[in-house]
Amino acid sequence: MRNIDAFNHVRGESVYLDDIAERQGTLHAWVFGSQVAHGKILSLDTSAAENMPGVYRILTAADIPGENQIGGIIADEPLLAEGEVHFWGQPVAIVLAETEAQAQEAAHKIVLEVEKLPVIIDPREAQKVGSLIMQPRTFHLGDPETGFAECEYIFEGVAENGGQEHLYIETQGAYAWPKETGSIYVASSTQGPTAVQRHTAHVLGIGMSRIEVDVTRLGGGFGGKEDQATPWAVMACLGAFLTKRPVKLVLHRMEDMRMTGKRHPYSSDFKIGLDKDFKIKAYEVTFYQNAGAAADLSPAVMERTLFHATNSYFIPNVRATAYSCKTNLPPNTAFRGFGGPQGMFVIESAIAFAAEKLGVAASVIQKANLLKEGDEFPYGQHTEGCEAENCWQTAESRYNLEQLREEVNAFNRENTLLKKGMALMPICFGISFTKTAMNQARALVHIYTDGSVGVSTGAVEMGQAVNTKMLQVAAQVLGINPNRIRIETTNTTRVANTSPSAASATADLNGKAVQMACENLLERLKAHIAIQLNLEGNAAIEIQEEQVLVNGKTVDLPWEKLVFSAYWSRLSLSENAHYATPDIHFNPEKEKGYPFAYHVYGTAIFTVTVDCLRGTYDFDSVKIAHDFGSSMNTNVDLGQIEGGLVQGIGWMTLEELIFNQEGRLLSNALSTYKVPDIYSVPKEVEVHFMDTPGSPRAIFGSKAVGEPPLMYGIGAFFALRNAIKAFRPEAEPAFVAPMTPEKVLLNLYPEFEAAAQTASVKENAL
Ligand code: MTE
Ligand code: HPA
Ligand code: MOS
């Protein structure tokens, strides 16, 4: 089954937000943001801007008819700043004009007077002064004190990771217009249509039933549009509500980069204890999450960091604590992996550090501690269908790990200025929203009288091809040609109260609902066939390839005829189904439960070649054994592995957000923020589809694939580290990601080592 969007994508015919035909009387919005990261608002003067050509109206907090509040988990975030500003770029006013250029021009004339307050950009500094989003949380397993007491070796260190810009190709935007009697229609580039609906209703002070949110597709979301598509949609709706004209708001790239939150940077302390056989007996970790200026999704992201603090390893004694630290950066948000990658980076750093001190390869410790069937995670769930060792061993044998290792060693013996490094990266990722209540979805399926089918779900298409998967489910259950089926836009009036398309769970949750709806329709049709053919019961009836079969034999009742006959017998040809993941639960007081429907496993082997004169590098190959269950679409799933992998490599090696001490983002364009391109992807990417049992909670046994592969990218950091050490064995690079070419170069030469340790703190130099 080909991705159903492929044809229109390559022809440029797919409709994104900015492609929606403009309606008469449309006003264009430009958002005026704070030019200070923290301060008290003394005055806001929009009079000069109001007199600029084309300006229709300027909106500020004072114009909001409902509550000026868009906080999702915690109500701590105004739509438009009032009284104070908390980050550079925080929206303060919205200019509505006849053209976008006029709105932008006028925004320059707005005068915001601010009395500056101290700016905090460092999470540890925030934690020291008690600037926290919420109370810290701790996950426990066993008894770490006793565990450490029994250890032969104990190592302590610090690990830090940078943030990451989502860089969805389609920037944030929304297009709203008034309908009758004060209702609003809004097309939004959002992963969470219901979140947009709820917050818009709240800000406008009207019922959710009067807001219709519609999503055709996103030009990428990656978590950046789970929560942070909301403000722009609410602003467009506010404009449409107050002016009774259509309002279009699409952020330009630089505004998007400045005004929206990113992956959370973390600074973390680790302590790892091992016995003489390299079994990890105890692990203690403290995470300092840089949440930015408001909660956004930070509490949930922090929770997932704790869930994944031990990655794919069994450790009997664990204490993992996390602080969500409030700083003056734009509120950080969901990003593929949702805090999991940050947790995994720290345990991998701890293992690498221990391995270096013990003079063994990190893979020796990794392998000795992989999860086994029945092992307990620090959150109380035990592994079921654990594939950790299977994936590792498959990667090891299939890709000839020993031979690879020898080739790398031989290359390093023969070369002085080129050095290779290797690393293995096992992953284990839990599938489900960590908030149990969010694991629900609905589908609405109509069979039209001509036999064609319309399917609506809460799933948002953002490039991950969830629409293709939904179509496959409907076609397979109904036994009809996929060409008959249309996957409708995601619309809050058709499918209500949806969870965002996130947590890699979209296809499972919505797919199960589609499956249920189609099965119900099928049962109804079969009952109808039984009556028509005078059969006793339905057991012998099937529909395959648009034909009715009884006891395996075709009867003369093709799909179209069947559907029409059912309609003529006054049967409902529509079905609405609801799915909620069974069995899962979590108790946040005890920090124990069974939060995940299942886990996804895999192992990647990295090799990299570093040019030790320049510090530049090329990834030679990444070879992966991945636990897909029985993949329902291998092309789509392979695309997710490749995309996630490269995005993870970018985070670990190239992408460096630089804020100055005043909290202003300096890397706010692609000239200063480097993302992976065709030259930086590995020369060879091999993915082995492990034929694993899957899980009954995965749609058709096809395991979720959206986020897990991002975490393979962590292997890139450690492969580089090993190449650096091949050039200079006494090098001790800090566990600070990203490992950019500049940082590699500084770490290669002892005279630059000191500079390398602080290379992530460049604000002063800039
Ligand atoms: N793939 C593409 N092409 N574009 C995206 O925006 N988002 C990722 C992942 N893969 C994304 C993507 C993220 S963050 C998630 S949570 C999942 O897709 C969401 O979709 P799924 O639940 O259908 O896997
Ligand atoms: N993953 C992604 N998004 C979420 C989650 C999660 O676990 N919880 C709330 N939003
Ligand atoms: Mo993905 S970070 O759960 O949108």
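Good morning. A helix here is a DSSP run of H or I with at least four residues, a strand is a run of E with at least two, and both are numbered from the N terminus. The model I am presenting is predicted. I shall begin with the two ligands, continue with the open and enclosed spaces, and finish with the annotated spans and two backbone details.

Let me take ligand 1. Which residues lie closest to ligand 1? Of the 17 residues that surround it, the closest are Gly221, Phe222, Met462, Thr506 and Gln640. By class, this shell contains 6 nonpolar, 9 polar and 2 charged residues. The polar contacts I would point out involve the protein backbone. A nitrogen atom of ligand 1 is 2.8 Å from a backbone N or O atom of methionine 462, and Met462 is also one of the closest residues just named. For glycine 463, a backbone N or O atom is 3.3 Å from a nitrogen atom of the ligand. On the oxygen side, a polar backbone atom of serine 504 lies 3.5 Å from an oxygen atom of ligand 1. How much of ligand 1 does the protein cover? On its own, ligand 1 has 520 Å² of accessible area, and the protein covers 92% of that.

We come to ligand 2. The residues around it are Glu226, Arg304, Phe338, Phe433, Thr434, Met438, Ala502 and Ala503. Two of its polar contacts are made by side chains. The side chain of glutamate 226 places an N or O atom 2.8 Å from a nitrogen atom of the ligand, while the side chain of arginine 304 has an N or O atom 3.1 Å from a ligand oxygen. The backbone takes part as well: a polar backbone atom of threonine 434 is 3.1 Å from an oxygen atom of ligand 2. Taken alone, this ligand exposes 260 Å², of which the protein buries 97%.

Next, the pockets. The second largest pocket has a volume of about 820 Å³. Its lining consists of 33 residues, with Ile73, Leu297, Ala300, Lys435 and Met438 closest to its centre. Which elements give two or more residues to this lining? They are helix H6, residues 193-204, and helix H9, residues 298-307. In composition, the lining has 15 nonpolar, 10 polar and 8 charged residues. Note that Met438, which is among the residues closest to the centre of this pocket, also belongs to the residues around ligand 2.

I turn to the enclosed spaces. There are 7 cavities of 30 Å³ or more in the structure. The largest contains about 180 Å³ of space. Among its 20 lining residues, Ile70, Glu77, Gln228, Pro231 and Pro331 lie nearest the centre. Helix H7, residues 230-243, gives the most to this lining, namely 4 residues. The lining divides into 10 nonpolar, 7 polar and 3 charged residues.

The second largest cavity holds about 70 Å³. It is lined by 14 residues, and those nearest its centre are Gln440, Ala441, Ser499, Pro500 and Asn510. Strand S17, residues 440-447, and helix H15, residues 506-532, each supply at least two lining residues, with the largest share, 3 residues, coming from H15. How is this lining divided by class? There are 7 nonpolar and 7 polar residues, and no charged ones.

Now the annotations. An unreviewed UniProt entry lists residues 11-118 as "domain: Aldehyde oxidase/xanthine dehydrogenase a/b hammerhead". In the model, that span is 12% helix and 31% strand, and its end C-alpha atoms are 51 Å apart. The unreviewed UniProt entry also carries the annotation "coiled-coil region" for residues 394-421. That span is 68% helix and 14% strand, with 21 Å between its end C-alpha atoms.

Finally, the backbone. Most residues other than glycine have a negative phi, and most peptide bonds are trans. Against that background, the peptide bond from alanine 737 to proline 738 is cis, with omega near 5 degrees. Proline 738 sits in the loop between strand S30, residues 735-736, and helix H19, residues 741-748. Aspartate 296 has a positive phi, near 45 degrees. Where is aspartate 296? It lies in the loop between strand S14, residues 280-292, and H9; H9, as I said, also contributes to the lining of the second largest pocket. Thank you.

Key:
Residues numbered from 1 in each chain as written. Chains lettered and ligands numbered in written order. Predicted model: local features only at pLDDT ≥ 70, side-chain atom pairs only at ≥ 80, totals over all residues. Heavy atoms only, no water. 1 Å grid on protein atoms, 1.4 Å probe; cavity = no way out; pocket = protein on both sides within 12 Å on 5 of 7 lines; lining within 4 Å. Points joined across faces, edges and corners; volume = space filled by probe spheres on them. Nonpolar A, V, L, I, M, F, W, Y, C, P; charged D, E, K, R; others polar. UniProt positions renumbered as here; feature names shortened; annotations may be inferred. Near = heavy atom within 4 Å. Polar contact = N/O pair within 3.5 Å; in protein donor to acceptor, adjacent residues only side chain to side chain. Areas by Shrake-Rupley, 256 points an atom, 1.4 Å probe, with all protein chains shown as cover.
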